[in-house]
Amino acid sequence: MMPVSTSCSTDLAVLLERREGQVPFDKPWELRAFAIAVAACEAGEFAWGEFQEALTDAIRNWEAANPGFGPEQWNYYEHFVTALEVVLAQHRRLAADGLDDRARHILSTPPHKHHVARYDPITIDRAGI
């Protein structure tokens, strides 16, 4: 996968281009997290360099807290989401307590047995921001 440019002016189709033997996203939420990060950066919510630094810190902190981890414990996009939360919180676009409340609500809700994963692109409604 190609890196996102510093200015965040990207072509998502190029970024998501699959190369032989590579699958950039294992699950739909990973694609959505990536798309949200790119869209937020392109909207001027943060600089991509800030995100890269937060991602490096998230990975470094996780590895320090999990010595001797195995490949089954590693998930790049979990660190990616952590970094996204950090930069959005730093720019006051995300309230940590609101995120914690929402996470508790989601985790307390029984899973829906008829969910169908969608791989459609997402859109961000800027009117609500």
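## Terms and model

Buried means under 20% relative accessible area, exposed means over 50%, and partly exposed is in between (1.4 Å probe, protein chains only). By that yardstick, Phe69 is partly exposed, with a relative accessible area of 29%.

What you're looking at is a predicted model, where local features need pLDDT of at least 70, side-chain atom pairs count only at pLDDT 80 or more, and totals for chains, interfaces and linings use all residues. Residues are numbered from 1 along each chain as its sequence is written, and side-chain values use heavy atoms, with hydrogens and water left out.

## Aromatic pairs

Searching the whole structure turns up twelve aromatic pairs (rings of Phe, Tyr and Trp, the last by its six-membered ring, with centres within 6.5 Å; planes under 30 degrees apart are stacked, over 60 edge-to-face, the rest tilted). One of them joins Trp62 and Phe69 edge-to-face, at 4.8 Å centre to centre with 65° between the planes. Trp62 is partly exposed too, at 21% relative accessible area.

Tyr76 and Tyr77 also pair edge-to-face, with 5.0 Å between centres and 85° between planes. Here Tyr76 is partly exposed at 34% relative accessibility, whereas Tyr77 is buried at 7%.

## The aromatic cluster

Tyr76 and Tyr77 also belong to one aromatic cluster, together with Phe25, Phe34, Phe46, Trp48, Phe51 and Phe80.

## A loop residue

Now for Arg92: it isn't a glycine, yet it has a positive phi of about 55°. Arg92 sits in the loop between helix H4 (76–90) and helix H5 (96–108); helices here are DSSP runs (H or I) of at least four residues, numbered from the N terminus. At 74% relative accessibility, Arg92 is exposed.

How values were computed:
Helix = DSSP H or I, 4+ residues; strand = E, 2+ residues; numbered from the N terminus.
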